[in-house]
Amino acid sequence: MSRTFSIIKPDATKRNITGAINKLIESGNLRIIAQKRLKMSKEQAEGFYDVHKEKPFFKDLVEYMISEPVIVQVLEGDDAIIKYRTIMGATNPDNAEEGTIRKLFALNIQENSVHGSDSDENAVKEIDYFFTKDEIVG
Ligand code: GDP
């Protein structure tokens with residue numbers, strides 16, 4: 001069993017499709033072991049996407065991430081990181097496989113409905129960024 005970190009992004013909370021996304025997560029054999037809805041601060045979003053700070057889309061990405069509430073989650077399952085990346089689909093919905101969250105719901109490469117960690121190291125870092133130990137109840 002392993003864990004990954006997920007965000008249901010502003011385009012999805014705005015369109016009231018968080019339940020539809022959770023359904024795909026759960027039917028993909030991942031368990032939502034922690035979850036909360038919050039509105040990110042600018043500093044929080046900038047810190048979270050620090051790795052992209054030199055990218056041309058960084059400012060737009062931060063503005064988007066703070067535009068509406070998000071749902072942050074800890075997901076658990078066998079090979080959780082790779083499994084969730086598969087359920088999510090490619091960053092750009094035009095390249096995403098049929099049936100993936102991004103193919104079904106993403107609006108474009110930026111407003112792509114979900115985030116999922118890309119490595120064990122980042123999963124631990126990202127979970128710690130948003131959750132205290134006692135908020136993860138299993
Ligand atoms: P991810 O791991 O699939 O989420 O992709 P990345 O780590 O490469 O990018 C992080 C997030 O930045 C993506 O999920 C998008 O929301 C956004 N993003 C990535 N590439 C682009 C781009 O070329 N343009 C814009 N506007 N946003 C992008």
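**A strand in the middle: S3 and the cores**

Okay, so 7 bridges connect strand S1, residues 2–8, with S3, and the two run antiparallel. Keep in mind that this is a predicted model. One pair you can look for on screen is Ile8, which sits opposite Ile71 in S3.

Now look at the other partner. Strand S2, residues 31–38, also pairs with S3, again in the antiparallel sense and over 7 bridges. Here, Arg31 has Glu76 of S3 as its bridge partner.

So why do we call S3 largely enclosed by the rest of the structure? Well, because 8 of the 8 residues in this strand, residues 70–77, are buried. And that goes for both faces: Val70, Val72, Val74 and Glu76 are buried on one side, and Ile71, Gln73, Leu75 and Gly77 are buried on the other.

Let's move on to the nonpolar cores. The largest one has 22 residues, and those with the most contacts inside it include Phe5, Val72 and Met40. Which elements give two or more residues to this core? Those are S1, S2 and S3, plus helix H3 (42–48), helix H4 (58–65) and helix H7 (120–130). H4 provides the largest share, with 5 residues.

Zoom in on Met40 for a second. Leaving out residues up to four places away in sequence, Met40 touches Ile7, Ala45, Met65, Ile66, Val70 and Phe130. Apart from that largest core there's another, of 16 residues, and among them are Ala12, Ile32, Tyr84 and Val114.

And for anyone new to this, in soluble globular proteins nonpolar side chains tend to be buried together.

Definitions and conventions
Residues are numbered from 1 along each chain as its sequence is written. This is a predicted model: local features need pLDDT of at least 70, side-chain atom pairs count only at pLDDT 80 or more; totals for chains, interfaces and linings use all residues. Side-chain values use heavy atoms; hydrogens and water are left out. Buried means under 20% relative accessible area, exposed over 50%, partly exposed in between (1.4 Å probe, protein chains only). Helices (H or I, at least four residues) and strands (E, at least two) are DSSP runs, numbered from the N terminus. Two strands pair if DSSP finds at least two bridges between them. A nonpolar core is a set of buried Ala, Val, Leu, Ile, Met, Phe, Trp, Tyr and Cys residues joined through side-chain atoms within 4.5 Å. Contact means heavy atoms within 4.5 Å.
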